[in-house]
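Colleague: I would like to learn how to read a model like this one, strand by strand and then outwards. Please start with a single pair of residues.

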Protein chains: 2
Amino acid sequence: MDTLAAYKEHLREIGKLESALSLLNWDQRTNLPRKGHPARAEVIGKLTKMVFSLSVSDKLGEYLEKLQGQDGLTEVERASVRVVGKAYLRHKVIPPAFYEEYAIAAARSETAWEEAKEKSDFELFKPHLERMVDYARKFAEYYGYDESPYDALIEEFEPGMTSAELKTIIEPLRSELVPFIKRLMEEGKRPKDGFMQGTFPEEMQRTLSLKALSAMNYDFDAGRLDQTVHPFTTTIGPSDVRITTRYLPHNVLSGLASSMHEGGHALYDQGIPDDLRWSGLDEGASFGIHESQSRMWENLVGRSRPFWTFFAPIAGEVVPQLSVVSAEDLYRAVNIVKPSLVRVEADEVTYNLHIMLRFELEQALITGEINVSDLPGLWRDAMKRYLGVVPEDDAHGVLQDVHWSSGLFGYFPSYMLGNLYSAQFFAAARREITDLDEQIAGGKLSELLAWLRENIHQYGKMYEPKELVERITGEAPNSSHFVRYIVDKYTDVYGLR
Amino acid sequence: MDTLAAYKEHLREIGKLESALSLLNWDQRTNLPRKGHPARAEVIGKLTKMVFSLSVSDKLGEYLEKLQGQDGLTEVERASVRVVGKAYLRHKVIPPAFYEEYAIAAARSETAWEEAKEKSDFELFKPHLERMVDYARKFAEYYGYDESPYDALIEEFEPGMTSAELKTIIEPLRSELVPFIKRLMEEGKRPKDGFMQGTFPEEMQRTLSLKALSAMNYDFDAGRLDQTVHPFTTTIGPSDVRITTRYLPHNVLSGLASSMHEGGHALYDQGIPDDLRWSGLDEGASFGIHESQSRMWENLVGRSRPFWTFFAPIAGEVVPQLSVVSAEDLYRAVNIVKPSLVRVEADEVTYNLHIMLRFELEQALITGEINVSDLPGLWRDAMKRYLGVVPEDDAHGVLQDVHWSSGLFGYFPSYMLGNLYSAQFFAAARREITDLDEQIAGGKLSELLAWLRENIHQYGKMYEPKELVERITGEAPNSSHFVRYIVDKYTDVYGLR
């Protein structure tokens, strides 16, 4: 077997084990009986270790070295060698013993966080979080960086992005959004939503989600919809991209939005072509680009006026009490803005401010500008400054998210970038599909999907996010499209002028 | 690490991969979207190969050799070395290239069988079946045997059993059952069951199954009940033993029986203690012993008069139309005997004759006494002789079962042995639990389960089936308990005297 064939076979081996791992993880959250968890953890641990060994094996190192200088590779093969090679070098520098030590500490830290959150007692979590910050800094040293150790961590989620660039992107976002939200709350007219009150059976909500996903052209022959406490999307293999959602008994829109969000993620993975499978390129370009797809379908489509022109009669058929509500009233009701304490409950206007706060705190933690013990106070100050609300306890403040507890620093910005990219992409799509609103109002979402497939999905991980954004939109990633989208939309919804 | 620790670690590695494999297989039959099948086959192929390599690795061979002569092993460790060692030698003699060639031919053969069954055209299947018989003979030669090549094949399913012994066990069964069934049909009074007619929603049938499984003390925290076309039980890991069932819209008893059958299998695996996990002993003693557990719960319990004394009011609550039927009438209705063409639809009286026929044909095929082309005719003759019915086409005759198409010869006897063992075990349980019928009539099934746990489940695969049967019942495996059970029960149900 020549080097290229051996290299591809090696990646296929990793791909197959990762497929088994994805299923083990999906099943753990959907079907696994209570007493099955301890053994499942061992099985997952075993397969994770096997995948890791294969990802940093000397054999792979040799293949990569040979192929990096080899002529005659296709564009896909070159991209594969580049992406896999980058990950190889990144993971190879971590001593296995250090990684194992970290993994054990992270598991303990997550357990401590759960208890601390339940009791709203930051002190219980503090020593663990300090340890996680230490580990993150050590990881950054192993990985290496030019300017800030935080950059070495972002790289895992948003290749090529730096904290300096993030700050440039964020600045106008903050300076526009903070006063705009203040104005919305003080001068705007909150849409009415009394007609949304009620109790909505799960089966009814599931039907509603299925109708929305069908309209989005989610392929049910290559996926399925289940229910979990925390919704997620997982790609188990080619043509097996599963989503989960959750239904709140008294809020029929929440489950719908969650399904459309996960459906957006799933459309991305369903759109990655077969010739990228098990090549190291069969995933999204980055966490941020992935989030752009979920947020586009959830918000730019799912919370748009044209969508509700199309979807209101369907919603009325499924949910009898909505059959007497106008499309316009439904559109307004799904776009109520309310500065709140908890990120996962935030609307699209205030959401990014929750992220900014986390980004600022976590990068200051990693660079050492602040200490873990400063966090609760700094959190409250920032909430007051950005959103005008202050948590009464840490459970609804600094303890609300799981990410830091397992050492995930540099992850949060992807959520914000996803929002910004989604608006930037949507503006580009609108330039090319001139009657996009009319199409959506007619329930035709296929041309938008085809555009996403053509411009984003088909490339998988071949391009870094910045490169991809520039190719498609002709601009560097920026916040101006998002700001314009938010200001225009909510000026109208809240009758600001 | 000493040899014993290294050996155990090696088995744990196999156990973890097998756990992942079990989940991949379970999911394939319960949840996998249509388009996900091709990739799933590749993932399953990969993990199967890994497990096989580990099972015949030279390293394992060295461990086994050292441990076979080592003092100071516990009884469990000695049993593990014996059982794993036996499988090691058995699999090691098969050349990997031969096995792969067989696996490909078997997959093709199964596909051909599907088509042949659909068209009821034996000729389409014939060349494949001839090939499968050839492979089976070659496997037998590789494995080795004393008297008959068929013995080498039975060993896979029923360790220690031979065709000579099977014939001894079967002889009285045939000579008693064939005339008894004739008498039943000619002189007996068929119970009435008009009250069973109707349409029964899935949710109702599921509730009924859940109530029966709860009464059996199936642990839902260590398992779950799903729906598939062909019901099965799978053990994914310690404390994760899942069952599936199927509901026929017009037959409420069929799904209940199927659930109790699979529940019986599951109780066995849930009862295997933790210290046997991933030791090579964490499964049933044999296919026949496993089947004895499913058939005991399905038939000796689930189709008994005391069970229906207990369960009739519950069935009446769940299925309104049954609330007016007496326990006695329900008991009789679940015990209707009807010689029929298809094994999987057979009642407990005629079932074994379906198996005998298959056993006689398959062992004659393997020893070369008959040819594949003789099969359809021989099948019809035997059906006529044993059950007095003759299939009009091969789809309802020789083509009905999947087993032979993938080369599974020696498997069918387990079904019959399961029935015989179940009666033999139940008679022993009844001797020790003197008020067993009263307990069952009172819905107390826990003491029977405790007896099974104590005598069978706790040992996993530590004993060979014959040894286990003798330890528990004081007799060699035989058909007399089963014959007595059948004759006594149906003489009463059919009012023969």
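**A sheet, two domains and two chains**

Modeller: Thr234(A) stands opposite Arg242(A) in β3(A). This is a predicted model, where local features need pLDDT of at least 70 and side-chain atom pairs count only at pLDDT 80 or more, while totals for chains, interfaces and linings use all residues. Residues are numbered from 1 along each chain as its sequence is written, and chains are lettered from A and ligands numbered from 1 in the order in which they are written.

Colleague: In which sense do β2(A) and β3(A) run, and how many bridges join them?

Modeller: Strands of a sheet pair through backbone hydrogen bonds, either parallel or antiparallel. Strands here are DSSP runs of E with at least two residues, helices are runs of H or I with at least four, and both are numbered from the N terminus. Two strands pair if DSSP finds at least two bridges between them. Strand β2 (residues 233–237) of chain A runs antiparallel to β3(A), with four bridges. Gly237(A) has Asp240(A) of β3(A) as its bridge partner. Two residues lie between the strands of this hairpin, and Ser239(A) has a positive phi near 60°.

Colleague: What does β1(A) do with β3(A)?

Modeller: Strand β1 (residues 225–227) of chain A pairs with β3(A) in the parallel sense, over three bridges. Leu225(A) is the bridge partner of Ile243(A) in β3(A). The result is an open sheet of three strands with mixed pairing, in the order β1-β3-β2 (chain A). β1 and β2 of chain A are the edge strands, each pairing on one side only. On average, neighbouring strands of this sheet are turned by 30° against each other, direction ignored.

Colleague: Is β3(A) mostly covered or open?

Modeller: A residue is buried if 20 or more other C-beta atoms, placed from the backbone, lie within 10 Å of its own (exposed: 12 or fewer; partly exposed: in between). Strand β3 (residues 240–245) of chain A is mostly covered, with six of its six residues buried. Asp240(A), Arg242(A) and Thr244(A) point one way, while Val241(A), Ile243(A) and Thr245(A) point the other way.

Colleague: What lies across this sheet?

Modeller: α1(A) lies across β1, β2 and β3 of chain A, at about 140° to β2(A). Axes are lines fitted to C-alpha atoms, for helices over the stretch in contact, and angles run from 0 to 180 degrees between N-to-C directions.

Colleague: How many residues of each domain of chain A touch the other?

Modeller: Domain bounds come from an automatic or database domain assignment. For chain A this gives domain 1 (3–145) and domain 2 (146–497). Two residues are in contact if their C-beta atoms, placed from the backbone, lie within 7 Å. By that rule, 39 residues of domain 1 of chain A are in contact with 41 residues of domain 2 of chain A. On the domain 1 side, α6(A) gives the largest share, 14 residues.

Colleague: How many residues of chain B touch chain A?

Modeller: In chain B, 29 residues are in contact with 29 residues of chain A. α1(B) gives the most to the chain B side, with seven residues. That side has twelve nonpolar, six polar and eleven charged residues. Nonpolar covers Ala, Val, Leu, Ile, Met, Phe, Trp, Tyr, Cys and Pro, charged covers Asp, Glu, Lys and Arg, and polar the others, Gly among them.

Colleague: What scores does the model have?

Modeller: The model scores ipTM 0.92 and pTM 0.93. Chain A averages a pLDDT of 96, and 100% of the residues score at least 70. pLDDT is the predictor's confidence in each residue, from 0 to 100.
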